[in-house]
Amino acid sequence: MTTALIYLVVMLLVAAVVFLLAAVIFGRGEELAPLAPGSSPTRLPAEDITGDDIEQVRFQLVLRGYKMTEVDWVVRRLGVEIDGLRARIAELEAERADHAGQKVSPLE
C-alpha cells in the first residue's frame, strides 16, 4: 500500500514539473502582449469606416476567448462588403451627377 502511495506522489511531482517546464518554455501561446486591465485594442473611426479599418480591428482575448480564424474571416468579409458598397455608392452618385448635368434648362 505504501509503495503505491509513493508511486502516486512521485508521478504527481513529475507531472507538476513537466507542466511547469512546458508552461515556461511555451508560455501562454499569445501572439501579442497582454493589454492593461480596462483597455481595449478595438478601435474604429467615428464615420467613413473602410475595409482597411475593419481589417485592423483586434479583439481583446478573455478567459473563454474566441476562435480567431472565424473572427478573422468575418472581419475580412465585412471589409470586402463595405468596400463594395462604397464603390457602388460612388458609382451611383457619379451617374446621378451625369444625369443632372445633361438636363437642359427650359430657358435655354
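A salt bridge is a side-chain nitrogen of Lys or Arg within 4 Å of a carboxyl oxygen of Asp or Glu. Keep that in mind for the close-ups below. The model is predicted, so to speak of local features takes a pLDDT of at least 70, side-chain atom pairs count only at pLDDT 80 or more, and totals for chains, interfaces and linings use all residues. Residues are numbered from 1 along each chain as its sequence is written, and side-chain values use heavy atoms, with hydrogens and water left out.

**View 1. Arg-88 meets Glu-91.** Here the closest N and O atoms of Arg-88 and Glu-91 are 2.5 Å apart, in a salt bridge. Both residues belong to helix 3, three residues apart, or about one turn of the helix. (Helices are DSSP runs of H or I with at least four residues, strands are runs of E with at least two, and both are numbered from the N terminus.) Arg-88 is partly exposed, with a relative accessible area of 41%, and Glu-91 is partly exposed too, at 41%. In these legends, buried means under 20% relative accessible area, exposed means over 50%, and partly exposed is in between (1.4 Å probe, protein chains only).

**View 2. Glu-81 meets Arg-77.** A search of the whole structure turns up two salt bridges, and this view shows the one between the side chains of Glu-81 and Arg-77, at 3.0 Å from N to O. The two residues sit four apart in helix 3 (residues 68-102), so about one helical turn separates them. Glu-81 has a relative accessible area of 36%, which makes it partly exposed. Arg-77 comes out as partly exposed as well, at 42%. As a rule, side chains of opposite charge can pair when their charged atoms come close.

**View 3. Helix 2 and helix 3, seen through two residue pairs.** Take Arg-77 again, which is found in helix 3. Its C-alpha atom is 8.9 Å from that of Gly-51, though the two residues are 26 apart along the chain. Now look at Asp-52, in helix 2. Asp-52 counts as exposed, at 52% relative accessibility. From Asp-52 to Val-80 the C-alpha distance is 9.1 Å, with their positions 28 residues apart in sequence.

**View 4. Helix 1 from end to end.** How far apart are the end C-alpha atoms of helix 1? They are 36 Å apart, which agrees with the 36 Å that its 25 residues (2-26) should span at 1.5 Å a residue. That expected span is 1.5 Å times one less than the number of residues. Helix 1 is hardly covered, with a count of zero buried residues among its 25.

**View 5. The whole chain, for orientation.** The chain has three helices and zero strands, running α-α-α from the N terminus. Of its 108 residues, 5% are buried. The accessible surface is about 9900 Å², and 65% of it belongs to carbon and sulfur atoms; the areas come from the Shrake-Rupley method with a 1.4 Å probe, and for residues only the protein chains shown count as cover.

**View 6. Where the predictor is confident.** The score here is pLDDT, the predictor's confidence in each residue, from 0 to 100. The chain averages 79, and 77% of the residues score at least 70. Confidence is highest in helix 1, at 90, and lowest in helix 2 (residues 51-55), at a mean of 81. Where pLDDT is low, the predicted coordinates should not be read in detail.
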